[in-house]
Amino acid sequence: VPGRVAWRSENLPFNRHVRRRLSKAKYVVVHVFSGPDNGYWRALETKDVAVLPLDLLQGADLLDSDLGGFLEDLTMQGKVHLWLAGPPCRSVSVSRHQDNGGPPPVRGRHEDRFGLPGLSPFEETLVSGDSVLWLKNLWWMWLARRHQAHVQFLLEQPQDPWEWKDQEEEYPSFTVWPETEEVMRQLELHRTRVHQGALGH
């Protein structure tokens with residue numbers, strides 16, 4: 001999960017100008033899994049605030065060791081004041097359990113949370129990648145708080161299906177992982193539930 005300590009700047013998905021902007025800013029906002037529109041988030045920058053949006057759709061592979069090492073350095077310097085994240089939920093989606101011809105379940109809730117038996121190579125890659133992305137994000141959040149007492153977090157995920165569906169099925173959810181619970185406890189995070197329909201989703 002940790003990135004490369006001696007990360008290589010030539011492998012980062014942004015240039016020296018962006019790194020210099022981050023180093024000089026009074027406040028840094030990191031938005032991982034930010035989506036395709038880099039400009040929307042960068043438009044929120046001010047003289048004192050630098051925003052770093054990162055997403056695979058912008059060429060930023062968050063599984064990359066050099067990018068991981070850079071983010072660790074940034075957090076350990078105490079630069080990050082706001083961490084926003086919406087890691088992929090495709091491998092824990094409740095729609096995989098609808099038995100309607102769509103993609104099948106690939107995870108269990110507890111014992112098989114890192115992948116059900118008999119997955120195809122494609123499914124194994126998907127599940128492993130998403131697992132590592134989730135754990136990396138928790139790791140970066142934890143590091144950020146260790147080095148900046150005033151950092152704030154907003155981590156978005158679908159509501160645990162067990163809270164609103166039949167509990168006879170083992171629905172997976174990153175929110176019930178022990179690592180998630182422990183990081184939430186250490187960072188003193190709490191859950192806020194939002195109805196997406198009311199927000200036009």
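Hi everyone. Let's begin with helix α3, which is mostly covered: nine of its twelve residues are buried. Keep in mind that we are looking at a predicted model.

Where does α3 sit in the sequence? It runs over residues 65-76. From the first C-alpha to the last, α3 reaches 16 Å, close to the 16 Å expected at 1.5 Å a residue.

Now, which residues of α3 are buried? If you follow along on the screen, you'll find Asp-66, Leu-67, Gly-68, Gly-69, Phe-70 and Leu-71, and then Glu-72, Leu-74 and Thr-75.

And what do these buried residues pack against? Two helices, α1 (16-24) and α4 (121-147), and three strands, β1 (27-32), β2 (49-54) and β3 (80-85).

Let's look at the two ends of the helix. At the start of α3, Asp-64 brings a side-chain oxygen to within 3.0 Å of the backbone nitrogen of Asp-66. Just after α3 comes Gly-78, with a positive phi of about 75°.

Next, the strands, beginning with β1. Like our helix, β1 is mostly covered, with five of its six residues buried. How does β1 pair with β2? The two run in the parallel sense, over six bridges. One of the pairs to find on screen is Tyr-27 with its bridge partner in β2, Val-49.

β1 also pairs with β3, again in the parallel sense, this time over five bridges. Here you can look for Val-29, whose bridge partner in β3 is Leu-82.

So, to recap: β1 pairs with β2 and with β3, and the buried residues of α3 pack against each of these strands. Thanks for listening!

Note on methods
Residues are numbered from 1 along each chain as its sequence is written. This is a predicted model: local features need pLDDT of at least 70, side-chain atom pairs count only at pLDDT 80 or more; totals for chains, interfaces and linings use all residues. Side-chain values use heavy atoms; hydrogens and water are left out. Helices (H or I, at least four residues) and strands (E, at least two) are DSSP runs, numbered from the N terminus. The expected span of a helix is 1.5 Å times one less than its number of residues. Buried means under 20% relative accessible area, exposed over 50%, partly exposed in between (1.4 Å probe, protein chains only). Contact means heavy atoms within 4.5 Å. A polar contact is a pair of N or O atoms within 3.5 Å; within protein, one must be able to donate a hydrogen and the other to accept it, and residues adjacent in sequence count only if both atoms are side-chain atoms. Two strands pair if DSSP finds at least two bridges between them.
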